[in-house]
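Visitor: I would like the reasoning behind some of the terms used here. Please take them one at a time.

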Amino acid sequence: MIEGIKIYSAPLQGYTDHIWRNAHAKHFGGVDVYCAPFARVEHGEIKSRDIRDIAQENNKVECMRPQILACAPDDALMLANKIKESGYTIIDINLGCPHPPIALKHKGAGMLKYPIEVAQMLEKLATIEGIEYTVKMRLGWDDCNQWKEVLDCFDIIKPKHVAVHPRIGKQQYKGELLMDGFTELYHSCHCPIIYNGEILSAEHIMQIKSQFPCIEGVMVGRGLVATPFMLSTEQRGNLMKFHAELLEQYSIHLSGGDMQILNKMKSLWTMFLPQANHKLRKAISKSRNLDQYVHASTEAIKSVIDT
Ligand SMILES: Cc1cc2nc3c(=O)[nH]c(=O)nc-3n(C[C@H](O)[C@H](O)[C@H](O)COP(=O)(O)O)c2cc1C
């Protein structure tokens, strides 16, 4: 396990739901805080699937952080109040989602271009008693300096930390990491900073820590979904049990029958174990029923355990 730095598991909508978080904590661990994907408004209410995902009874990890998608002040207030009713006292605010249909409505990373709207939302959120906030953000939406004005708004809620993905929204999840911008933000921000972006190994975490010694932690996203034993490579033997648990839990929780379970597992494999044998990964994506899937996935996992 990695000492001297806090490890956050990043929220990944569609991947790191409570089933994945519980299974990861049970079979691998090493994560201090598991962040849940954002909760959003649907037809004026918090989306029921989102509230189920953060419900205390569904979450067995020691520390879980729910998140709201930055949006209109009244919607943000409603989301945060619902999460408070679920028993949480810290809520993360997503100022990083780059998905165009969301960002173009001034939500997520799209709000970084509009610091006045950020301030209006934070002022509403600050009215809720007994809730503290953290923020997850990028350097900007279409300009890597937009964080500067947004940072001034943070005095309103005094975030417990700010997690930064050093890209702008328009880059989506690809392209150059803007490390100069991250370094400037790291030196300018009064709140503790968390680094998030393209971390693929424990060695990389230690390198970030030595480059930015005052950092509070690192947040690992796609790297951890791809290689869930990334933080403790000696636990790679737990892959089989981890995968069996995911399959079992999705079979219990998904009500749409075998095809829905199969599609959920195939979607996991778009990120999971890229190092597995290529032909076996292909067989997984071509599997037409759960028997074929189980056969191909078992062999693919063995190909990783045996390397
Ligand atoms: C499929 C997908 C879904 C994501 N969902 C969320 C989300 O719900 N909330 C959020 O703050 N970030 C979300 N992110 C961004 C990640 O949390 C993270 O910031 C990003 O992937 C960069 O970190 P990484 O390079 O370690 O993956 C998502 C990213 C991906 C690829």
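Guide: Two histidines come up, and then a nonpolar core. This is a predicted model, where local features need pLDDT of at least 70, side-chain atom pairs count only at pLDDT 80 or more, and totals for chains, interfaces and linings use all residues. Residues are numbered from 1 along each chain as its sequence is written.

Visitor: Why is histidine 43 called exposed?

Guide: A residue is exposed if 12 or fewer other C-beta atoms lie within 10 Å of its own, buried if 20 or more do, and partly exposed in between, with C-beta atoms placed from the backbone. Histidine 43 has 5 within 10 Å, so histidine 43 is exposed.

Visitor: What makes histidine 106 partly exposed?

Guide: Histidine 106 has 19 other C-beta atoms within 10 Å, and is therefore partly exposed. Its phi is near 65 degrees, a positive value in a residue other than glycine; phi of histidine 43, near 50 degrees, is positive too. Most residues other than glycine have a negative phi.

Visitor: What is the largest nonpolar core, and which residues touch the most other members?

Guide: A nonpolar core is a set of buried Ala, Val, Leu, Ile, Met, Phe, Trp, Tyr and Cys residues joined through C-beta atoms within 7 Å. The largest has 84 residues, and Tyr8, Ile68, Val164 and Val218 touch the most other members.

Visitor: How do you know where this core lies relative to domain 1 and domain 2?

Guide: Domain 1 (6-231) and domain 2 (254-305) both give residues to this core, so the core lies between them. The domain bounds come from an automatic or database domain assignment.
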